Amino acid sequence: MDSWSRFLDTFFKPDLIRHYLPSIAAGTVTTIEIAAAIVVTGIALGLVLAVVRTFRVLPINVILVTCVDIMRALPPIVLVLLVYFGMPNIGINLPSFAVLWIVLSLVLAAFAEEIFWAGILSIPKGQWETARSTGFGFFPTLLYIVLPQAVRLTVPPLTNRTLAITKNTALGTVIGVPEILNQATTGQSFSGNATPLMMGAIAYVILFIPVVALGRLLETRFRWSRA
Amino acid sequence: MEALLNQFFNLDIMARALPLVLTGLKQTLLLCVVVIPLGLAGGLLVALLSLVRSRVMRWATMIAIDFFRAVPPLVLLIFVYSGLPFAGIRLTPLAAVAIAFFFNNSSYYGEVYRAGIESVGRGQWDAARSTGLTVAQTLRSVVLPQAVRNVLPDLVSNTVEVVKLTSLASVIALPELLYSADMARSLTFNTSPIVLAAGFYLLMLWPLVRLVSRLERRIAS
């Protein structure tokens with residue numbers, strides 16, 4: 001067997017592709033579901049936290065910033081293991097997909113809060129003062145004047161950060177969530193062949209390349225709008 | 001409450017796990033010393049390749065960057081460590097981590113450098129070149145120092161991500177900080193060793209996270 005057909009036989013074996021396509025597809029659906037849940041809850045919570053921070057209540061903000069810092073400084077896999085192995089021992093039993101969803105949502109919320117907060121800070125004070133002096137209350141000012149401008153500024157960094165964190169759904173394999181990587185490594189050990197792993201990698205590329213490209217596009221447009 | 005303290009902040013168990021966790025910490029620091037310089041150097045190479053005149057080269061670089069940004073680092077690591085042996089390439093865990101993260105980190109650092117280099121005006125290049133500096137001299141003495149200063153917050157924040165990434169090495173049984181802590185956890189049936197490891201991560205990374213926030217705010221104002 002020449003080296004090219006050996007390469008194909010190791011990474012792209014046709015009958016293994018046929019055999020493992022359903023399980024990789026099922027894993028892809030699981031990954032999409034968890035990723036979507038993380039994006040929704042993570043970004044929503046991040047926005048709520050950033051709004052809470054605008055009230056500038058000192059004790060609350062100290063706690064908030066501390067928690068956000070911890071979530072930004074700890075590797076997500078440490079948090080996943082901490083929750084997954086620690087919670088059952090104090091009587092809280094969570095299914096593994098819930099652990100992954102909660103942990104990654106909190107991590108995304110922390111990063112999103114920082115990004116939204118930077119966006120809110122970048123709106124000049126004059127905008128607040130003008131809005132307030134025309135009779136807008138605090139919340140209408142925030143809602144109709146500040147946030148629409150702030151959120152626009154945050155779209156490119158938020159896209160990249162969201163992508164980086166949703167890629168961490170692959171950590172689910174460590175605690176047995178049946179997502180893409182888990183299906184792929186299971187397939188690999190059953191078949192004794194690297195084809196399922198290659199299929200998993202390809203599934204991730206198909207899933208995430210559009211988001212990477214979108215991030216690139218947004219960054220470029222963002223740069224134009226500032227020029 | 002007591003169960004919670006006992007399960008997560010058990011000082012006896014932490015003290016017993018400490019020697020093991022410290023050897024793990026040493027491995028993590030070693031990993032950082034390998035992975036960060038490799039990523040910084042690879043990133044610079046990637047940034048320069050994405051700015052060359054040849055359009056084919058630029059596109060090829062961009063596709064490679066996007067590919068490695070789309071694949072989760074854990075997938076890349078497992079592919080290198082347990083997929084390549086099927087093709088006859090067997091690597092130690094350390095080599096697998098170094099190779100997998102080299103590709104991942106070079107792509108991220110590369111994008112940061114590129115943004116930095118693009119932020120330095122074209123006039124700087126032309127002025128430096130017309131005073132007789134070569135391309136290499138222009139890059140080294142004129143463009144890169146300004147580029148790095150402009151993207152310093154992103155460089156630091158990416159480095160934080162790289163240090164966090166080293167914890168993935170535990171999945172392929174490289175005995176770093178998280179791996180040793182998890183071993184202590186499975187021996188003691190108690191989560192405190194992982195809390196201890198988390199403490200060490202915080203000790204290393206919290207100052208950097210604060211620094212990033214401050215640098216970002218200074219550049220914004």
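This briefing walks through the fold of chain B, the contact between chains A and B, and a few helix pairs. Please keep in mind that the model is predicted, with an ipTM of 0.90 and a pTM of 0.91. Chain B has an average pLDDT of 93, and 99% of its residues score at least 70. Its secondary structure consists of 10 helices and zero strands.

**Chain B as a whole**

- Reading chain B from the N terminus, you meet its elements in the order α-α-α-α-α-α-α-α-α-α.
- Along the principal axes, the C-alpha atoms of chain B fit a box of roughly 70 × 50 × 25 Å.
- Chain B has 221 residues, and 41% of them are buried.
- Among contacts in chain B with a separation of 6 or more, 75% join residues 24 or more positions apart.

**Where the two chains touch**

- The contact draws on 38 residues from chain A and 38 residues from chain B.
- On the chain B side, α1 (2–8), α3 (55–70), α4 (73–83), α9 (177–188) and α10 (192–220) each contribute at least two residues.
- The biggest share of that side comes from α10(B), which gives 12 residues.
- By class, the side of chain B that touches chain A has 26 nonpolar, five polar and seven charged residues.

**Helix α3 against α5 in chain B**

- Helix α3(B) and helix α5(B) (residues 93–119) have axes that come within 9 Å and cross at roughly 120 degrees.
- Angles of 65 to 115 degrees count as roughly perpendicular and those over 145 as roughly antiparallel, so α3(B) and α5(B) are oblique to each other.
- The crossing of α3(B) past α5(B) is left-handed.
- From α3(B), the residues in the contact are I65(B), F68(B) and R69(B), and they meet F103(B), N104(B), S107(B), G110(B) and E111(B) of α5(B).
- Sorted by class, this contact has three nonpolar, three polar and two charged residues.

**Helix α2 and its partners in chain A**

- Helix α2(A) (residues 14–54) packs with helix α8(A) (residues 180–191) at an angle of about 155 degrees, and their axes are 7 Å apart.
- Angles over 145 degrees count as roughly antiparallel, and α2(A) and α8(A) are therefore roughly antiparallel to each other.
- These two helices, α2(A) and α8(A), make a right-handed crossing.
- On α2(A), the contact uses L16(A), Y20(A), S23(A), I24(A), A26(A), G27(A), T28(A) and T31(A), while α8(A) brings I180(A), N182(A), Q183(A), A184(A), G187(A) and S191(A).
- The contact of α2(A) with α8(A) contains six nonpolar and eight polar residues, with no charged residues.
- Helix α2(A) also meets helix α5(A) (residues 96–121), where the axes come within 6 Å and cross at roughly 40 degrees.
- Since angles under 35 degrees count as roughly parallel and 65 to 115 as roughly perpendicular, α2(A) and α5(A) are oblique to each other.
- The crossing of α2(A) past α5(A) is right-handed.
- In the contact of α2(A) with α5(A), 18 residues are nonpolar, five are polar and two are charged.

**One residue to look up: P59(A)**

- You will find P59(A) in helix α3 of chain A, which spans residues 58–73.
- This proline is exposed because P59(A) has 7 C-beta neighbours inside 10 Å, and 12 or fewer counts as exposed.
- The C-alpha atom of P59(A) lies 20 Å from that of F111(A), and the two residues are 52 residues apart along the chain.

Terms used
Residues numbered from 1 in each chain as written. Chains lettered and ligands numbered in written order. Predicted model: local features only at pLDDT ≥ 70, side-chain atom pairs only at ≥ 80, totals over all residues. Helix = DSSP H or I, 4+ residues; strand = E, 2+ residues; numbered from the N terminus. Buried ≥ 20, exposed ≤ 12 C-beta atoms within 10 Å, placed from the backbone. Contact = placed C-beta atoms within 7 Å. Nonpolar A, V, L, I, M, F, W, Y, C, P; charged D, E, K, R; others polar. Axes fitted to C-alpha atoms, helices over the stretch in contact; angles between N-to-C directions. Left-handed = near helix turned anticlockwise from the far one by under 90°. pLDDT = per-residue confidence, 0-100.
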